[in-house]
Structure formats: C-alpha cells, structure tokens
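Could you have a look at this one with me? My notes are below, in numbered points.

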Amino acid sequence: MSVPKTWRGEKYRYRLEAVKCTGCGKTYMPARAVCPECGSRDFEDIKLPAEGKIVTYSMVHVGPAQMQFEVPYAVAIIELENGLRLTTQIVDTQNKELKIGQKVRMVFRKIQEDGKTGVIGYGYKAMLAE
Amino acid sequence: MRDVAVIGVGNTKFGELWEYSLRDLFVEAALKALDDAGVDMIDSIYVGTMSSGMFVDQEHIGALVADYVGKKHVPALRVESACASGGFAFRQGLIEVAGGFSDIVLVGGVEKMTDTEDATFALSSAADQDNESYFGATFPALYAMIARAHMHKYGTTRDQLAAVSVKNHNNGSLNPDAQFGRKITIEAVKKSVMVAEPLTILDCSPVTDGAACAVICPLEMAGKFKKKPIKVIGTGVATDTIALHSREDITTLKAVQLSADRAYQMAGKKPGDIDLAEVHDCFTIAEIVVTEELGFAEKGKGGLLVEEGKTALDGEIPINTSGGLKSKGHPVGATGIAQVAEIVRQLRGEAGERQIDNPKVGLTQNMGGSGASSVTHIFEVV
C-alpha cells in the first residue's frame, strides 16, 4: 500500500466526503468526473450522513492474508440515509444476529496494516445502531 | 461481415497440475485444438488470462504463447476481462475473422493459479480494489451478499444453492478432464467448511490450473478441415458497475442479461430455442441468477429451476454438462474457452458419457468479477 495512495483516499475514507451531481442529484463516493446517470460533469461537495441500514451482508470465515487475523468478520453493503451505498465491515457483531434492514451508523476504524512496518490503513466501518 | 465457425477445440486436464507451467498448459491445449482441426498455419492468436502477473509474475503473454506454440512472428494479443478473459478473447478472434482481417485464428485461455500462496488476494483484484477489497470483501463475500439478498427477496433456499453444486459434481463425474470427478450430496455441501455465510467451500469454484483453446475460421472455408464445423451465430458483451454496491438491484446481473439479449438478437433465437448452456457458476448463487438473466427461468425462480431437475443432464435445459466451474474447475482465464469446447463437443456428439440427446443450439456465458462484465455466445450445428 503506497503512501500517496493512502493520502488520496483520506477525503472519503476518513471524513465521508462525497459529491452530488448538480444535474440529477445522485451522490457518489469516491468523487467522479462524469455522472453515469445523466452525463453531467458538474458536482458539489457534500458530507455523507453517518446513519444507514444493511442492504445485504455476509460473515466472512476465510479472508485475504492481511485480514485473516480478524475472521470471522461481517461484511455488508450499507445504504446511507441519502441513498448512497458502500461496502464495509460491521464491527462488534459477536453474539448478535444481523438482519437485512437493520439500522447502522458509520464509525472510524483501523482497516488493515501493511506488515509490521508499512502504512496502516484507516477508514469507515459500520456499527449496529440499536 | 463473414459467418464464422469453430473447427477445432482442445484443453488440458483441469486441476492442481504441479508439473505444468503457464506456458506448458497453453501449448498443450493449443496443439490439441490445432490437431483437432487438422490445421498447421494460423494467422493470429488471442489469449485470455486474468492475472498472469499476480499468479506467476509473467506479463506479455501474447508473445510468450506465440513463441512456445511455435508460430514465429504471428500477431498475438492477450485479452483481459477478469474471469471473463477467455470469453472476451474468443469474441476478439471472432471479430477479426468476421471482419476479414484474418482467416484462421487460435483463441485460447490459460491460468496457472497454484504457484502463488494467496490466490484469494489475486482474485480480489477483479472487484473494486479501493472500495470493496480494501474493506475485506472477498469474492465469496460478494456472491454471498448476492445470495443473501436473493434469499431475502425471492425465498431462494439453502438447499437450492446446494442443488447447483450437486448437479455440477454429477456432470463433472462424467468428465475425465474435470478437477473433481466425485459426486456429492446436499448434506455434504451444507456441512462443508464455511467460507462466507451462507456459502461453504462446496458452493465455491476451486483454484485450478488449466488451459483451453479453439480454432476458428470463415464458415465458407470450414468444410475443408477434419471435424464437423460448428457455426457461431450470436455474440454479445456488456459491462456493469465495477462495485456490486453501485447496482440498483443486488439480486440481478444486468451485464449478463444485456450480453444475452445482444447475442439472442444477433442469432435470431430466444431462450426456448437453446438446447444446452455452459454458464459461469463461480459460486452456486451465480448459476441461479444467471439462468434467470438468460431467460431460462422467471426472475426469482432460478432456485426452483435447479431444484426441480430442469437443468440436469436429462432436464429441459441442461446447464453445465461439463461439470461447470464448480466441478470441472475454474482456471479463470481459460474458463470462457473451456465452455466453448464443451458446447462444440456436445453439438458434434463427442461428449461421451455426458452427451445429451441430439442438441442443435448451445450457449456459453462467461462473466468477470461480481458480474461487471459478461460475454455470451450462441452456437449452432451447420
């Protein structure tokens, strides 16, 4: 994981900054140059809401090498209150049953590390709201 | 545009082939396909491979395979569309022959997956690396999320998922080239090691070494060669959002539907005209959704289709007679061409113990990632 690659992701991974198409109102994270829905190239910067719900999920028992230490972990597609969807983990799910439609809120967490001396990657994860 | 026919097919055995390198695999499949056709001269080569760079640290695959197949100086190009690389390579060869740029083209696919320790990581590069893989979404996890959504929306059951694997292992037990030639039960699928809930290891296609090749030429020349030519009557491709979460409906695979619609339209065929199909069952849920998108089942009824035996060898629409990715194996770049090889053998009546009764029209469907690219071809007996 390169350092500049980490910087480039900070805006959205650390601060949930996204863009809204001024043509059709659809939101995107990360930012895009062209709206695939309406073709507009004009966007305004927005801050995403931290509240959302589970669209679908899976408990992962076999992870890639850099995440094998935390299996089993829950991965989900989350729909935030403004309609934007993203993929991330749900934290603190021990002994809790996950369901489609459950409310979550986004939290800031460590995501992965690049060996003992490499860059530590941070970003958003979701936590059950109830 | 010229009509095009397949005149030769060949493949290696699929499996953990420790004694084979990437080039060994491709050359064996290529020579078998050339010998099957009775062809020596070729005008060009297209080779599909998903990630020879990550799997064996080798790029520049076009030149490498041309050199080792012994065809000095022929044009050769590597084609990549993740797990659909083989299917897309076939289409590029087809376009070249149909367009009159070449007469005889070798189209192939290869993947050498067992030389790396972390095949899961290499495969995850077919998803959105920054926005899915980074957060821990593996491929089994992405398809598991499709499965969970499909079960929630349409009532698809755990047993229906398992039925795909049972059927494909049954077919694979009749295919001497398959990686897993053993039959399994619904109970065995459900009790096997959990990978990403609800999918167990027996819901997932394996890590496989293998290669497959086909030789194509203009239909008007095809009668000169050894075997009965099989005409390519339809081709269609489509893409979708790279990230699964960007799609409006997680239970559909829009690129599959569009690639099929385009191929059906070109061929002048509808789903009911298809006698058998090889589809991309990288996970059991994938075959269920794909059969819906291809029009073999109503949306949401793909689970019922397999459960009722309609996709079995003796069913209304046999699916994955070769054993599919699940049992035959899934050397990612080779898969799309291996599907073509199976359909050609079935349409020639050369499929041995798994031969279905007198098929006339066959279909192949091969997709990349979580369905971000899909390619469909339709073949007919001349």
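The points go from the ground rules to the interface and then to a sheet in chain B.

1. Ground rules: this is a predicted model, so to speak, with local features needing pLDDT of at least 70, side-chain atom pairs counting only at pLDDT 80 or more, and totals for chains, interfaces and linings using all residues. Residues are numbered from 1 along each chain as its sequence is written, chains are lettered from A and ligands numbered from 1 in the order written, and side-chain values use heavy atoms, leaving out hydrogens and water.

2. On the interface, 26 residues of chain B are in contact (heavy atoms within 4.5 Å) with 33 residues of chain A. The buried area (accessible area, 1.4 Å probe, lost on putting the two parts together, summed over both) is about 2600 Å², with 58% from carbon and sulfur atoms. Tyr134(B), Phe135(B) and His245(B) supply 31% of what chain B buries against chain A, more than any other three residues.

3. The count between the chains is one salt bridge (Lys or Arg side-chain nitrogen within 4 Å of an Asp or Glu carboxyl oxygen), as computed for chain B and chain A. Lys5(A) and Asp130(B) meet in a salt bridge through their side chains, at 3.5 Å, N to O.

4. Chain B also has an open sheet of nine strands, in the order S3-S2-S4-S7-S1-S8-S11-S10-S9, with mixed pairing (strands are DSSP E runs of at least two residues; a pair needs at least two bridges). Its edge strands are S3(B) (76–79) and S9(B) (276–278).

5. S8(B) (230–239) and S11(B) (373–381) run antiparallel, joined by nine bridges. Gly234(B) stands opposite Ile378(B).

How values were computed
Helix = DSSP H or I, 4+ residues; strand = E, 2+ residues; numbered from the N terminus.
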